[in-house]
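Welcome, and thanks for taking a look at this one. Below is a short tour in plain prose, with a small table along the way.

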Amino acid sequence: MVKKHEISGEDNRVGAHHGSVLSLEDLSTYPSDFHGDILNLKSVPGGVDAVFAPNNLYDYRENKKSEIDVDMENKNSCKKGVVSCVEERGIGHETWVRVEKLEKGLCGKSRPVFFRGVATIVTKLFNIVEPDVAVFGKKDYQQWRIIQRMVRDLDFGIEIVGSDIVRDTDGLALSSRNVHLSPKEREKALSISKSLLKAKSDAKIGLVNCKELTDTVVQTITQAGGRIDYAEIVEQESLEAVEEIKNPVVFCIAAWFGKVRLIDNIEFSV
């Protein structure tokens, strides 16, 4: 994403560490390699001027606890199944940003407060860093559209750029979570990208009934051993479900293989 958008004449580029935008439900299992991230950024042609990597943008340290104490509390919270970015004991943080309509479907169905955290932490990031351009990967399509809408609604002077999904040579969408897949699970997980490509191909030859397309994809992934969280064809900007493809859509999928939840999508029109 750092390479995605370069501004002529601008020297400052900022990379945000992924840990600053995750909810506690993910932090206990999310693969984190900050040193590796820094090395990757150093390898970018032209270099990177700054990396914004706060410990926790929600934590104002008003209770004077040590970083070790807070880290232990966060890990314990994750084990209890917390789904909010901040518990009721939250340290001095009571204000939230919500994009109410776009956050409800897709991932929002099983993670009802996740995007509240995303929108809030990205707002804080934008207010602190004041970027001209921010790049978000389209793999989390809903997140990208939510940030786009939030920036529009709140009049941020920021260009939001969507970065196309980067895939491995076999078609699997790149994700930090892929390291948790066993070789067998990884092979089975290819059913996601393969079934999405087939759905796009089928739509191009006139199969535009969304239920039929969705049923086929669900069957393919399930037969491969996956557990479907959701599989939906929605309008690209509103994210509203459609019954028949007439305008540009995106087919979004979330599925579990083993203990790993993977998301993927594909845009197309007819």
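Let us begin with the rule for aromatic rings: rings of Phe, Tyr and Trp (its six-membered ring) pair if their centres lie within 6.5 Å, with planes under 30 degrees apart counted as stacked, over 60 as edge-to-face and the rest as tilted. By this rule, the count comes to 4 aromatic pairs. Please keep in mind that this is a predicted model.

A pair of aromatic rings is described by the distance of the centres and the angle of the planes. One of the pairs joins phenylalanine 114 and phenylalanine 115, with 5.1 Å centre to centre and 75 degrees between the planes, so by the cut-off of over 60 degrees it is edge-to-face. Phenylalanine 114 is buried, its relative accessible area being 4%, and phenylalanine 115 counts as buried too, at 2%. Phenylalanine 126 and phenylalanine 136 form another edge-to-face pair, 6.5 Å centre to centre and with 80 degrees between the planes. Phenylalanine 126 lies in helix 5 and phenylalanine 136 in strand 3, so this pair ties together parts that are 10 residues apart in sequence. Both phenylalanine 126 and phenylalanine 136 are buried. Together with Phe156, Phe126 and Phe136 form one aromatic cluster.

**The overall picture**

Stepping back, the protein has 8 helices and 7 strands. Of its 270 residues, 43% are buried. Among contacts between residues at least 6 apart in sequence, 66% join residues at least 24 apart.

**The nonpolar cores**

Which residues of the largest nonpolar core touch the most other members? They are Val122, Phe126, Phe136, Ile147, Met150, Val151 and Ile160, out of 31 residues in that core. The elements giving two or more residues to this core are helix 5 (114-129), strand 3 (133-137), helix 6 (141-153), strand 5 and strand 6. Helix 5 gives the most, with 8 residues. Valine 151 offers a view of the packing: leaving aside its neighbours within four places in sequence, valine 151 is in contact with Phe126, Phe156, Ile158 and Ile160. Apart from this core lies another, of 25 residues, among them Leu172, Leu213, Val217 and Phe257.

**A walk along helix 8**

Leu213 and Val217 bring us to helix 8, where they are buried along with Cys210, Thr214 and Ile221. Seen down the axis of helix 8, the buried residues fall within an arc of 95 degrees, so they line one face of the helix. As background, an α-helix has 3.6 residues a turn, so residues three or four places apart point the same way. What do the buried residues of helix 8 pack against? Their partners are helix 7 (183-204), strand 5 (227-235) and strand 6 (249-257). The face turned away from the buried side of helix 8 carries the exposed residues Lys211, Glu212 and Gln223.

The length of helix 8 is easy to check. With 14 residues (210-223) at 1.5 Å a residue, helix 8 should span 20 Å, and its end C-alpha atoms are indeed 20 Å apart, which agrees. At the N-terminal end of helix 8, asparagine 209 acts as a cap, with a side-chain oxygen 3.1 Å from the backbone nitrogen of lysine 211. Just after helix 8, glycine 225 takes a positive phi of about 105 degrees.

**Positive phi outside glycine**

Most residues other than glycine have a negative phi. Leucine 106 and glutamate 130 have positive values, and the table sets them out.

| Residue | Phi | Loop | Relative accessibility |
|---|---|---|---|
| Leucine 106 | near 50 degrees | between helix 3 (67-79) and helix 4 (107-110) | 3%, buried |
| Glutamate 130 | near 55 degrees | between helix 5 and strand 3 | 63%, exposed |

**A long-range approach**

Where does serine 238 lie? Its place is in the loop between strand 5 and strand 6. Serine 238 is partly exposed, with a relative accessible area of 26%. Serine 238 and leucine 102 are 136 residues apart in sequence, yet 6.9 Å apart in space, C-alpha to C-alpha.

Key
Residues are numbered from 1 along each chain as its sequence is written. This is a predicted model: local features need pLDDT of at least 70, side-chain atom pairs count only at pLDDT 80 or more; totals for chains, interfaces and linings use all residues. Side-chain values use heavy atoms; hydrogens and water are left out. Helices (H or I, at least four residues) and strands (E, at least two) are DSSP runs, numbered from the N terminus. The expected span of a helix is 1.5 Å times one less than its number of residues. Buried means under 20% relative accessible area, exposed over 50%, partly exposed in between (1.4 Å probe, protein chains only). The arc is that of the directions from the helix axis to the C-beta atoms. Contact means heavy atoms within 4.5 Å. A polar contact is a pair of N or O atoms within 3.5 Å; within protein, one must be able to donate a hydrogen and the other to accept it, and residues adjacent in sequence count only if both atoms are side-chain atoms. A nonpolar core is a set of buried Ala, Val, Leu, Ile, Met, Phe, Trp, Tyr and Cys residues joined through side-chain atoms within 4.5 Å.
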